[in-house]
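I opened my notebook for this one and kept the entries short. Here is what I looked up, in the order I got to it.

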Amino acid sequence: LNNGTIDVLAGGRVEQKYDFESSPSFGGFQFSTPYYFGNETAGDDVRFFSLATREDKVLFSSFVNCIVLATIYAQEKGIKKEEGKEMPSMTIFGSQFNWALRDAISYSGSYDQIYTKHFGDVLEEDRGRNILNNEGGPQIHSFPGLSPAEDDFESSPSFRGFQFSTPYYFGNEFAGDDVSFFSLATREDDVLFSSFVNCIVLATIYAQEKGIKIEEGKEMPLMTIFGSQFNWALRDAIAYSGSYDQIYTKHFGDVLEEDRGRNILNNKGGPHIHSFPGLSLSLLK
C-alpha cells in the first residue's frame with residue numbers, strides 16, 4: 001500500500017496505531033467495515049479484520065467498503081451467488097460501475113457463502129461474532145465504522161464529502177428495513193480531526209467496557225497518537241461526559257436494558273455482522 005504496488009490489502013488487522021504510524025509521506029489508512037471478528041472476550045482487545053486502502057484514495061476506499069457491505073446486504077436479503085443479478089444497481093460512482101454490486105455477489109456470493117467457503121459448514125452457535133445481527137440485539141461495540149452514506153457523495157464539490165464517526169445510537173427498525181443510526185459528522189478533508197473525533201466516541205464505549213465512570217475519568221489511558229498536547233484527551237472526555245451508559249441515561253433516563261434495543265454494549269461475543277451504515281436505498285437505483 002505504501003508504494004502503490006497494491007490497491008487493497010485483505011486480512012489487515014485493524015488497530016488505531018496502523019492509521020498513524022504507517023508513512024508520513026501519504027498519511028494513514030482507511031479500513032472497510034470489518035468482515036471477521038475474533039473470539040476474545042470483550043474485556044480484551046477483540047481482533048477484527050478489514051480491507052485496508054490508502055487514506056489518500058478516498059473515493060476508492062468508499063467503493064471498496066461498499067463491496068464489503070454488499071456481501072452483508074445480500075445475506076440480509078437472501079440473495080445468493082447464483083442470484084447476483086437481484087442486487088440493486090449503483091449510481092454513486094458513475095455509470096461504468098452501475099453493476100458493481102451485482103458483479104461482486106455473482107462472483108463471491110453473500111457473506112454466509114464466503115464464510116462457508118473459507119471455514120466450512122460451521123454451526124451458527126460456533127461462529128461467535130461472525131453471524132448476522134438481525135434481531136435488533138446489542139450493537140454498541142468499539143470498532144471504527146467509518147463508511148459512506150448519502151450525504152457523503154452529495155455534499156459539496158469544494159471539499160468532497162464527510163467522515164462519519166462510529167454510530168452512537170441505533171433505531172429500532174427491523175433489520176430488513178434501513179436501520180437508522182446517528183454519528184458525528186466531520187469534513188472529509190480534515191482527516192486527522194475526523195480520526196480524533198471518532199476516538200472520542202470510541203472512548204465512551206471503551207469506558208463502558210472497562211467500568212470507568214465520570215468520576216473516574218483519570219483511569220482512562222493516555223493517548224499519544226495526536227501529539228503531546230492531547231495526551232489527556234480521553235481522560236478529559238470521560239471526566240466531562242462519562243461512559244456511554246452514563247450519556248445514554250442522561251438523555252433518555254433509566255431505561256431497562258431489554259428496552260434499549262440495539263443501544264446496549266455487545267460484550268457477550270454475540271453477533272457483530274451487520275451492514276451499517278448499510279446500502280441505503282437512497283444510494284441505489
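**Entry 1: salt bridges**

I started with Arg127, which is buried because its relative accessibility is 8%, under the 20% cut-off. A reminder to myself that the model is a predicted one. Which residue does the Arg127 side chain meet in a salt bridge? The partner is Asp112, with N to O at 2.7 Å. The pair links distant parts of the chain, 15 residues apart: Arg127 sits in the loop between H4 and helix H5 (150-153), while Asp112 belongs to helix H4. I checked Asp112 for exposure as well, and at 25% relative accessibility it counts as partly exposed.

I then asked how many salt bridges there are by this rule. The count comes to 2. The other entry I wrote down joins Arg260 to Asp245, whose closest N and O atoms are 2.7 Å apart. This pair also links distant parts of the chain, with Arg260 in the segment after H8 and Asp245 in helix H8, 15 residues apart. Arg260 is buried, at a relative accessible area of 7%, and Asp245 is partly exposed, at 26%. A general note for the margin: side chains of opposite charge can pair when their charged atoms come close.

**Entry 2: aromatic rings**

Next I went through the rings and found 13 aromatic pairs in the structure. I looked at Tyr111 and Tyr115: their ring centres are 6.4 Å apart and their planes are at 40°, so I logged the pair as tilted. Both residues lie in helix H4 (residues 111-119), 4 residues apart, which is about one turn of the helix. Tyr111 and Tyr115 are both buried.

Is the pair of Phe196 and Phe226 stacked or edge-to-face? It is edge-to-face, because the planes are at 85°, with the ring centres 5.3 Å apart. Phe196 is in helix H6 (residues 191-210) and Phe226 in the loop between H6 and helix H7 (233-241), so the pair ties together parts that are 30 residues apart in sequence. I have Phe196 as buried at 18% relative accessibility, and Phe226 as buried at 11%.

I also noted one aromatic cluster, formed by Tyr36, Phe49, Tyr111, Tyr115 and Phe119. With Tyr36 in mind I checked Phe48, which is found in strand E4. The C-alpha atoms of Phe48 and Tyr36 are separated by 5.5 Å, and the two residues are 12 apart along the chain. Phe48 counts as buried, at 8% relative accessibility.

**Entry 3: more of strand E4**

I stayed with E4 and looked up Ser50, which is in this strand. Ser50 is buried, with a relative accessible area of 1%. Its side chain reaches the backbone oxygen of Ser32 at 2.9 Å.

Thr53 is also placed in strand E4 (residues 48-54). At 2% relative accessibility, Thr53 is buried. Which side chain does the Thr53 side chain make a polar contact with? I found Ser61, at 2.6 Å. Leaving out residues up to four places away in sequence, Thr53 touches Leu1, Asp7, Val8, Phe29, Gln30, Phe60, Ser61 and Val64.

**Entry 4: helix H7**

I listed the buried residues of H7 as Ala233, Leu234, Arg235, Ala237 and Ile238. What do these buried residues pack against? They pack against H6. After H7 comes Gly242, and I noted that its phi is positive, near 90°.

**Entry 5: out at the surface**

My last stop was a nonpolar surface patch of about 270 Å², made by Tyr168, Phe182 and Leu184. Tyr168 lies in the loop between strand E5 (162-164) and strand E6 (169-170), and at 34% relative accessibility it counts as partly exposed.

I closed with Lys268, which lies in the segment after helix H8 (244-252). Is Lys268 buried or exposed? It is exposed, because its relative accessibility is 77%, over the 50% cut-off. The C-alpha atoms of Lys268 and Arg129 are separated by 9.0 Å, with the two residues 139 apart along the chain.

How values were computed:
Residues are numbered from 1 along each chain as its sequence is written. This is a predicted model: local features need pLDDT of at least 70, side-chain atom pairs count only at pLDDT 80 or more; totals for chains, interfaces and linings use all residues. Side-chain values use heavy atoms; hydrogens and water are left out. Helices (H or I, at least four residues) and strands (E, at least two) are DSSP runs, numbered from the N terminus. Buried means under 20% relative accessible area, exposed over 50%, partly exposed in between (1.4 Å probe, protein chains only). A polar contact is a pair of N or O atoms within 3.5 Å; within protein, one must be able to donate a hydrogen and the other to accept it, and residues adjacent in sequence count only if both atoms are side-chain atoms. Contact means heavy atoms within 4.5 Å. Patches are made of residues with over 30% relative accessible area and no salt bridge: like charges are joined within 9 Å, nonpolar side chains (Val, Leu, Ile, Met, Phe, Trp, Tyr) within 5 Å. Accessible areas come from the Shrake-Rupley method with a 1.4 Å probe; for residues, only the protein chains shown count as cover. A salt bridge is a side-chain nitrogen of Lys or Arg within 4 Å of a carboxyl oxygen of Asp or Glu. Rings of Phe, Tyr and Trp (its six-membered ring) pair if their centres lie within 6.5 Å; planes under 30 degrees apart count as stacked, over 60 as edge-to-face and the rest as tilted.
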